[in-house]
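Work through the exercises below with the model open beside you. Try each task before reading its solution.

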Amino acid sequence: MTIPPARGDWVPDACTLPTVQQPIRLAAFDRFFAESVHSTTRPAPTRLDLHLAPDAEAVGRDLASRESSCCSFFTFEFDATAAGVVMRVGVPTAYVEVLDAFATRIEATKEARR
């Protein structure tokens, strides 16, 4: 599997979203990461947990739904915890590299906002 840098760091070849729409989707995720993700944890190589702001669940669900339609290897689950909503992002082992790049993009986006 390859993740071409020109396609936004974590967009794999398996993605069926038209190339022209990819920058728009990336910008939506970047906004979500910067404004709604308080922190992340990585309980397994194939899972990344995003700890969300209290009002971010609807936006997260919308993005998850849209992303699942073009990158069917992603799984998204939402859990209410005592600390707030957690968006659980999962991938099969073959796509750990994509999840790694996804996590790196979250941190880079959050750093750029600081």
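**Exercise 1. Place Asp49 and its charged partner.**

Task: Is Asp49 buried or exposed, and which side chain meets it in a salt bridge?

Solution. This is a predicted model, and every value here is computed from it. Start with accessibility. Asp49 has a relative accessible area of 4%. The cut-off for buried is under 20%, so Asp49 is buried.

Next, look for the partner. The side chain of Arg88 meets that of Asp49 in a salt bridge, 2.5 Å from N to O. This pair links distant parts of the chain: Asp49 sits in strand S2 (residues 47–52), Arg88 in strand S4, 39 residues apart.

Now test Arg88 in the same way. Its relative accessible area is 17%, so Arg88 is buried too.

**Exercise 2. Extend the network around Arg88.**

Task: Find what else Arg88 reaches, and state which residues the shared salt bridges join.

Solution. Begin with the contacts. Leaving out residues up to four places away in sequence, Arg88 touches Arg47, Leu48, Asp49, Thr75, Phe76, Glu77, Asp79 and Thr81.

Pick out Asp79. Its side chain makes a polar contact with the side chain of Arg88 at 2.4 Å. The pair is also a salt bridge, with the closest N and O atoms 2.4 Å apart. Asp79 has 28% relative accessibility, so it counts as partly exposed.

Then join the pairs. Salt bridges with shared partners connect Arg47, Asp49, Asp79 and Arg88 into one network.

**Exercise 3. Tie two helices together.**

Task: How many salt bridges does the count give, and which one links Arg105 to a distant part of the chain?

Solution. The count comes to seven salt bridges. One of them is between the side chains of Arg105 and Asp30, at 2.8 Å from N to O. Arg105 belongs to helix H3 (residues 96–113) and Asp30 to helix H1, and 75 residues separate them.

Check the burial of the arginine. Arg105 has 17% relative accessibility, so it counts as buried.

**Exercise 4. Read the two sides of H2.**

Task: Why does the length of H2 agree with its residue count, and which of its residues are buried?

Solution. Take the length first. H2 covers residues 57–70, which makes 14 residues. At 1.5 Å a residue they should span 20 Å, and the end C-alpha atoms are 20 Å apart, so the two values agree.

Now list the buried residues of H2: Gly60, Leu63, Ala64, Glu67 and Cys70. They cover an arc of only 130 degrees around the axis, so they lie on the same side of H2.

Turn to the other face. Away from the buried side, H2 carries the exposed residues Ala58 and Ser69.

Finally, ask what does the covering. The cover over the buried residues of H2 includes helix H1 (22–36), strand S3 (75–81) and strand S4 (84–90).

**Exercise 5. Pair the strands around S4.**

Task: In which sense does S4 pair with S2 and with S3, and how many residues join S3 to S4?

Solution. Take S2 and S4 first. They pair in the antiparallel sense over five bridges. Leu50, for instance, has Met87 in S4 as its bridge partner.

S3 and S4 also pair in the antiparallel sense, over seven bridges. A hairpin joins S3 to S4 through two residues.

Add burial. S4 is mostly covered, with six of its seven residues buried.

**Exercise 6. Describe Thr81.**

Task: Where does Thr81 lie, and what does its side chain reach?

Solution. Thr81 lies in strand S3 and stands opposite Gly84 in S4. Its side chain reaches the backbone oxygen of Gly84 at 2.6 Å.

Check the wider surroundings. Beyond residues up to four places away in sequence, Thr81 touches Val86 and Arg88. Thr81 and His51 are 30 residues apart in sequence, with their C-alpha atoms 9.6 Å apart in space.

Last, accessibility. Thr81 has a relative accessible area of 35%, so it is partly exposed.

**Exercise 7. Step back to the whole chain.**

Task: What order do the elements follow from the N terminus on?

Solution. Count first: the chain has three helices and four strands. Their order is α-β-β-α-β-β-α.

Then take burial: 45% of the 114 residues count as buried. Among contacts between residues at least 6 apart in sequence, 54% join residues at least 24 apart.

Conventions. Residues numbered from 1 in each chain as written. Predicted model: local features only at pLDDT ≥ 70, side-chain atom pairs only at ≥ 80, totals over all residues. Heavy atoms only, no water. Expected span 1.5 Å × (residues − 1). Buried < 20%, exposed > 50% of the residue type's maximum accessible area, 1.4 Å probe, protein only. Arc of directions from axis to C-beta. Contact = heavy atoms within 4.5 Å. Polar contact = N/O pair within 3.5 Å; in protein donor to acceptor, adjacent residues only side chain to side chain. Salt bridge = Lys/Arg side-chain N within 4 Å of Asp/Glu carboxyl O. Pairing = 2+ DSSP bridges.
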